[in-house]
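Work through the exercises below with the model open. Each task is followed by a solution in steps.

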Amino acid sequence: MLIAGFPAGAWGTNCYLVAPAAGEECVIIDPGHQAAQGVEEAVRKHRLKPVAVVLTHGHIDHVASVVPVCGAHDVPAWIHPDDRYMMSDPEKALGRSIGMPLMGELTVGEPDDVKELADGAKLELAGLELTVAHAPGHTKGSVTFGMPEAADIPPVLFSGDLLFAGSIGRTDLPGGDMAEMLDSLGRVCLPLDDSTVVLSGHGPQTTIGRERATNPYLRQVAAGLGSTDAAPRRGM
């Protein structure tokens with residue numbers, strides 16, 4: 001299994017290229033602000049052939065490079081229908097202007113081919129199986145992508161801005177909801193095996209076991225105690 005990831009753009013959003021091995025087809029996860037060059041470098045380095053872009057949610061820091069990346073490789077983008085509007089109207093998604101200088105650098109809009117994600121769907125792409133879990137809280141259309149254990153790697157969760165190392169995604173932007181966030185944490189994350197590697201939208205990788213033991217939000221959910229402000233929340 002090959003997972004090549006790098007932080008991109010003004011928000012340091014993690015973009016991932018996932019393939020069964022070097023020299024094979026791959027899936028691109030969350031090509032955000034200024035991610036196109038990094039995607040092309042990873043494609044060349046590992047001799048990959050992209051077949052799809054999949055998006056954990058619609059915030060501009062995760063989708064800003066979708067149009068150029070999809071266009072360069074003639075591939076579709078997958079997104080949950082509740083967040084699809086954000087690709088064409090990123091400022092509405094944030095409830096404010098994100099700044100004219102930044103907007104001037106972006107190609108806002110949808111790629112030619114957009115497919116919609118559904119909770120529980122299993123995407124068979126590039127020889128991989130990605131299980132979609134709808135996980136609202138950060139946005140209404142947030143999802144995670146799970147991959148089962150393979151011969152050379154433990155299970156993997158691409159958590160987007162649901163779960164970070166030591167924290168969770170913010171809920172104070174349009175579509176955010178703390179009650180939904182806590183429900184998603186309990187429903188999507190807590191049942192996973194402790195060995196599951198968490199590759200999130202921002203920051204370093206972690207594991208479910210580590211977060212179960214140390215993340216104040218996940219610990220509160222596990223204890224059934226509701227919300228906490230014990231740690232800062234992250235994401236755009």
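The model is predicted.

**Exercise 1. Overall figures**

Task: State how many helices and strands the protein chain has, and what share of its residues is buried.

Solution.
- Step 1. The secondary structure comes to 8 helices and 14 strands.
- Step 2. Of the 236 residues in the protein chain, 54% are buried.
- Step 3. Take contacts with a separation of 6 or more: residues 24 or more positions apart account for 62% of them.
- Step 4. The accessible surface is about 9500 Å², and carbon and sulfur atoms hold 50% of that area.

**Exercise 2. The six-stranded sheet**

Task: Give the strand order of the open sheet of 6 strands, then find the strands at its edges.

Solution.
- Step 1. The order reads β1-β2-β3-β4-β5-β6, and the pairing is mixed.
- Step 2. β1 (2–8) and β6 (114–116) each have a single partner strand, so they stand at the edges, with one side lacking a neighbour in the sheet.
- Step 3. From one strand to the next, the twist averages 25°.
- Step 4. β5 (residues 77–79) runs parallel to β6, with 3 bridges between them. In this pair, Ala77 has Val114 of β6 as its bridge partner.
- Step 5. Helix α3 (residues 66–73) packs on the sheet and touches β3 (25–29), β4 (49–54) and β5. The direction of α3 makes about 150° with that of β4.

**Exercise 3. The nonpolar cores**

Task: Which residues have the most contacts inside the largest nonpolar core, and which elements give it two or more residues?

Solution.
- Step 1. The largest core has 28 residues, and Leu17, Ile28, Val39, Val53 and Val66 have the most contacts inside it.
- Step 2. The elements giving two or more residues are β1, β2 (13–19), β3, α1 (36–46), α2 (60–63), α3 and β5.
- Step 3. Look at Val53, leaving aside neighbours within four places in sequence. Its contacts are Ile28, Pro31, Val66, Val69, Cys70, Val75, Pro76, Ala77 and Trp78.
- Step 4. Another core, of 22 residues, lies apart from the largest one; Tyr16, Val18, Val27 and Val132 are among its members.

**Exercise 4. Strand β9 and His80**

Task: Where do the side chains of β9 (residues 143–147) point, and which strands pair with β9?

Solution.
- Step 1. In a regular strand, side chains alternate between the two faces of the sheet.
- Step 2. Val143, Phe145 and Met147 point one way from β9, while Thr144 and Gly146 point the other way.
- Step 3. Both sets are buried, giving 5 of 5 residues for β9.
- Step 4. β8 (residues 128–134) pairs with β9 in the antiparallel sense over 4 bridges, with His134 opposite Val143.
- Step 5. β10 (residues 156–160) is also antiparallel to β9, joined by 3 bridges. Here Met147 stands opposite Val156.
- Step 6. Now turn to His80, in the loop between β5 and α4 (90–94). Beyond neighbours within four places in sequence, His80 contacts Leu117, His134, Gly141 and Val143.
- Step 7. The relative accessible area of His80 is 8%, so His80 counts as buried, the cut-off being under 20%.
- Step 8. A polar side-chain atom of His80 lies 3.0 Å from the backbone nitrogen of Asp82.

**Exercise 5. Helix α8**

Task: Identify the residue that caps the N-terminal end of α8 (residues 216–223), and describe the packing of the helix.

Solution.
- Step 1. Asn215 is the cap: its side-chain oxygen lies 2.9 Å from the backbone nitrogen of Tyr217.
- Step 2. Pro216, Tyr217, Leu218 and Val221 are buried in α8.
- Step 3. The buried residues of α8 pack against β12 (167–168), α6 (178–189) and α7 (208–214).
- Step 4. Just after the helix, Gly224 has a positive phi of about 70°.

Definitions and conventions:
Residues numbered from 1 in each chain as written. Predicted model: local features only at pLDDT ≥ 70, side-chain atom pairs only at ≥ 80, totals over all residues. Heavy atoms only, no water. Pairing = 2+ DSSP bridges. Axes fitted to C-alpha atoms, helices over the stretch in contact; angles between N-to-C directions. Contact = heavy atoms within 4.5 Å. Core = buried A, V, L, I, M, F, W, Y, C linked by side-chain atoms within 4.5 Å. Buried < 20%, exposed > 50% of the residue type's maximum accessible area, 1.4 Å probe, protein only. Polar contact = N/O pair within 3.5 Å; in protein donor to acceptor, adjacent residues only side chain to side chain. Areas by Shrake-Rupley, 256 points an atom, 1.4 Å probe, with all protein chains shown as cover.
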